[in-house]
Each structure stands twice: as C-alpha cells, then as structure tokens.
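Student: Could you take me through one part of this protein slowly, beginning with how a helix starts, and then show me what lies around it and elsewhere in the chain?

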Amino acid sequence: MIEPGNSTTSTGTAQNTVRTTLPLTVGVEEEFLLVDARTFRVVPAAPLVLATAAGLPGELHPEGTRYQVEISTPVAHSAATLREELAGLRRTLGRAARAHGCRLLAAPSPVVAVEGPLHLTDDEPRQREQHRRFGALTDTLVSCGRHIHIGTLDVDTAVAVSNRVRPWLPTLIALAANSPFWGGRDTGHASWRAMAWAGWPSAGLPPHFTSTAHFRRSVQTLLGSGAALDTKMVYWDLRPSGNWPTLEIRAPDMSPDIDAAILQAELARALVATALREIAERRPEPAVRDDVLRLARWRAAHDGLEGFGLDPYTGTELPAADLAEALLDLVAPELAQSGDLDHAARTMTGLLRNGSGAHRQRAAFARRQDLTDVLRHLTEETEDF
C-alpha cells in the first residue's frame with residue numbers, strides 16, 4: 001500500500017493565506033457527442049439540439065465543435081443532489097437529441113474517424129486563430145472529458161491544494177479510462193484522449209507551484225509564448241478555475257456510467273478536503289518527482305484500470321487496482337464525513353469487478369470485430385441510468 005508521507009518537501013505557499021472552511025461544494029461539466037441514431041456517426045447537430053432544449057440555458061451549452069454539447073450542473077452540496085441533477089440534464093438533452101434523429105454518446109472520442117471538414121461551433125475570430133496557430137491539434141477538439149469543480153476556494157487556497165491533489169491525477173485517469181478506440185482503430189491505450197489532449201502545449205500535468213505568484217507567472221508564460229491564446233486555453237489536468245472560485249479537475253475521460261461519474265466527483269471532493277486538513281495541520285507535502293509523475297500519467301493512460309500503474313511517490317510499479325484502493329483508503333475519512341463512503345466503495349468495487357469503460361468497449365468489439373457494436377454499446381450505456 002502507498003504511504004505518501006515517507007518523504008516530504010515544503011510547498012512554499014504561504015500557509016496563512018489558505019482557507020480551510022468546510023463543507024465543500026461540487027459541480028460537474030460533462031461533454032457529449034451527438035451521433036446519428038441509425039449510423040452512430042457524429043453529426044453537427046448541436047445548434048438544433050440546444051435550441052430544442054432551450055429551457056435550460058444555464059445548464060446546457062455548445063462545446064468546441066458542432067458535434068458536441070455540454071452539461072453544467074448547478075452547485076451541489078451532496079453527491080445525491082449531484083446525481084439527480086446529472087440524471088435530469090442527461091434526460092433533457094437525450095430527448096432533444098432524439099427529436100433531431102440523434103442520440104447522445106458519452107464517449108471521449110467518436111471511435112471512428114470524423115468525415116469531412118471539422119465543424120467548429122462557429123466562425124468567430126478566436127476559433128479561426130486557434131486553427132491557424134495550432135493546425136491539426138484542433139482535430140482533438142472532437143473529444144469529450146468530464147470537468148469537476150470543487151469549491152468554494154479562493155485562488156491562494158486552490159493553488160496550495162492543487163499541489164497535494166496533483167499526485168493522484170494518474171489514478172483518476174485510470175479509473176475513468178474510456179477511449180481505447182480513436183480514428184477507427186485500437187490505439188493500444190485505455191485513455192487515448194489523455195494522450196491526444198496532452199499534445200496541446202498548455203495541457204497535461206500542471207506545474208508544482210511554489211506560490212500563487214508562481215501560478216500566475218506560469219499562466220503568463222503560456223500566454224506570452226503563444227502556447228495559449230487566452231486563459232480559457234489553460235488546459236492543464238488540474239487548475240484553479242478562471243471563471244469560478246473552484247479547483248477544476250479536468251483529467252478524467254467522459255464515460256457513460258453515471259455512478260462512475262459521481263465516484264469521480266466524490267473522490268475529487270474528498271481529495272480537496274484531505275489536502276485542506278493536511279494544510280490546516282501544517283503537514284508538509286510528500287515529495288513527488290515530476291519525471292515520475294509524467295510517467296505515471298502515461299502508464300495510467302496506457303494500462304487503465306486493468307493493468308499496472310506507478311506509485312507517484314516512488315515510481316514503483318503496482319497494479320492499477322491497488323493504486324485505486326490506496327486512493328480510496330487515503331480519502332476514506334473525508335468520504336465518511338460527507339456521507340459518500342458507502343457509494344464510493346460500492347462503485348469502486350463494481351469498477352474493479354466489471355472493468356473500466358475501455359475494457360467494456362474492447363469486450364463489445366471482440367464479439368464481432370465491428371466498431372458499430374462499440375458505438376451501440378456506448379449509446380446504450382449513456383441512456384442507462
């Protein structure tokens with residue numbers, strides 16, 4: 001079992017600026033693809049679908065392309081409330097999609113290649129400039145993640161907490177891995193989205209921040225170097241939100257299982273609560289080498305939940321399931337305090353027993369070697385809640 005307190009280092013962040021008030025709130029953004037109800041190919045129907053579902057303008061949004069739609073839940077104080085919100089928004093969006101001959105696909109990638117030119121959300125100057133500057137990287141915009149917001153945190157607190165949550169990003173990636181197929185073939189990775197999205201120069205693991213000023217300098221470096229057009233393009237796996245008083249976890253793949261979605265939110269909130277408790281107790285941060293964490297991120301994206309991962313503190317190879325259970329053990333006191341422990345433990349057990357989203361996709365493909373079966377499986381799982 002991992003013991004993250006074996007070696008330590010100081011964050012350098014001024015501890016007296018960090019607020020440790022609880023309870024913490026949670027909100028989730030989920031991105032979906034729209035597919036034709038018969039062929040399961042992505043279709044640029046987002047404007048039509050969103051217009052039909054126009055009664056919820058605050059919760060349903062366009063995404064980077066017209067193949068995608070996004071759900072944003074209201075702020076929730078409990079996992080049960082969050083589940084109700086997600087289920088209701090998925091139902092509303094699903095009905096609107098069916099009205100236009102579409103279905104929702106809760107998948108990080110279209111599985112098969114997108115045909116024809118990329119349909120961006122609109123032709124605004126920002127998107128034209130993004131395409132001009134980053135070229136083929138914009139093809140990866142046709143991918144879907146799940147973003148989890150934990151609040152309420154001011155920026156000083158979010159930066160300090162980020163350093164302590166960061167080592168567990170690979171494990172969150174493994175738990176959510178759901179993109180083995182991309183462009184019509186098996187990529188050999190459980191989460192190819194994690195690899196493809198990391199190709200953006202402003203994406204991947206965030207730095208370890210020595211202070212809030214360091215965080216701000218890092219953002220300005222991205223902007224000044226041309227790696228990001230604006231702060232909306234700070235695509236790190238974990239970041240203080242640019243729009244809300246939250247810490248935003250962006251690493252997980254989108255997946256259809258709503259209980260797995262809630263598990264990610266429960267673990268994220270409990271990780272933040274654990275970090276706040278450690279800061280309040282003035283416990284030093286466990287030392288994490290950047291090279292080890294980068295390799296741990298790749299191994300999580302490659303193996304997913306069914307293979308092996310790397311202990312982020314030592315670099316030791318361990319079964320991914322052991323890393324997942326170590327994370328659950330670490331945050332169990334906070335999960336118990338929020339009333340989430342039973343659901344989190346039960347959902348984790350189910351994932352370890354039945355396999356990750358990537359494993360289930362490959363099982364669907366193995367029956368007839370037909371990617372249409374994978375797409376049908378994903379749409380059915382998306383609507384099963």
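Tutor: Before we look at that start, we need one term: a polar contact is a pair of N or O atoms within 3.5 Å, where one atom must be able to donate a hydrogen and the other to accept it. Please keep in mind throughout that this is a predicted model.

At the start of helix α7, a side-chain oxygen of S211 comes to within 3.4 Å of the backbone nitrogen of A213, which falls inside the 3.5 Å cut-off. The helix itself covers residues 212–225, and its 14 residues reach 20 Å from the first C-alpha to the last, close to the 20 Å expected at 1.5 Å a residue. Just after α7 comes G226, with a positive phi of about 85 degrees.

Along α7, the buried residues are T212, H214, F215, S218, V219 and L222, and what covers them includes α4 (155–165), β10 (235–236) and β11 (238–240). One of the residues in strand β11 is R239, and although you might wonder how an arginine should be classed here, R239 counts as buried because its relative accessibility is 11%, under the 20% cut-off. The side chain of R239 reaches the backbone oxygen of V234 at 2.3 Å. If we leave aside neighbours within four places in sequence, R239 is in contact with several residues, among them T231, K232, T246 and E248.

For comparison, we can turn to helix α11 (residues 341–354), which has 14 residues and reaches 20 Å between its end C-alphas, close to the 20 Å expected. The buried residues of α11 are H343, A344, T347, M348, G350 and L351, and they lie on the same side of the helix because they cover an arc of only 160 degrees around the axis. In general, an α-helix has 3.6 residues a turn, so residues three or four places apart point the same way. On the other side of α11, D342, R346 and R353 are exposed, whereas the buried residues pack against α5 (169–176), α8 (258–280), α10 (320–338) and α12 (357–368). After α11 comes G355, whose phi is positive, near 100 degrees.

A strand gives us another kind of surrounding, and in β2 (residues 25–36) 12 of the 12 residues are buried. On one side of β2 these include T25, G27 and E29, and on the other V26, V28 and E30, which means that both faces are covered. β2 pairs in the antiparallel sense with β6 (residues 146–151) over six bridges, with β4 (residues 68–72) over five, and with β5 over four. Among the bridge partners, V28 is matched with I148 in β6, E30 with I71 in β4, and L34 with L104 in β5.

Finally, D36 stands opposite C102 in β5, and this cysteine brings us to one last point. A search of the whole structure finds zero disulfides, and the cysteine sulfur nearest to that of C102 belongs to C144, 14 Å away, a distance that is too far for a bond. Both cysteines are buried, since the relative accessible area of C102 is 3% and that of C144 is 0%.

Terms used
Residues numbered from 1 in each chain as written. Predicted model: local features only at pLDDT ≥ 70, side-chain atom pairs only at ≥ 80, totals over all residues. Heavy atoms only, no water. Pairing = 2+ DSSP bridges. Helix = DSSP H or I, 4+ residues; strand = E, 2+ residues; numbered from the N terminus. Disulfide = S-S within 2.5 Å. Buried < 20%, exposed > 50% of the residue type's maximum accessible area, 1.4 Å probe, protein only. Expected span 1.5 Å × (residues − 1). Contact = heavy atoms within 4.5 Å. Arc of directions from axis to C-beta.
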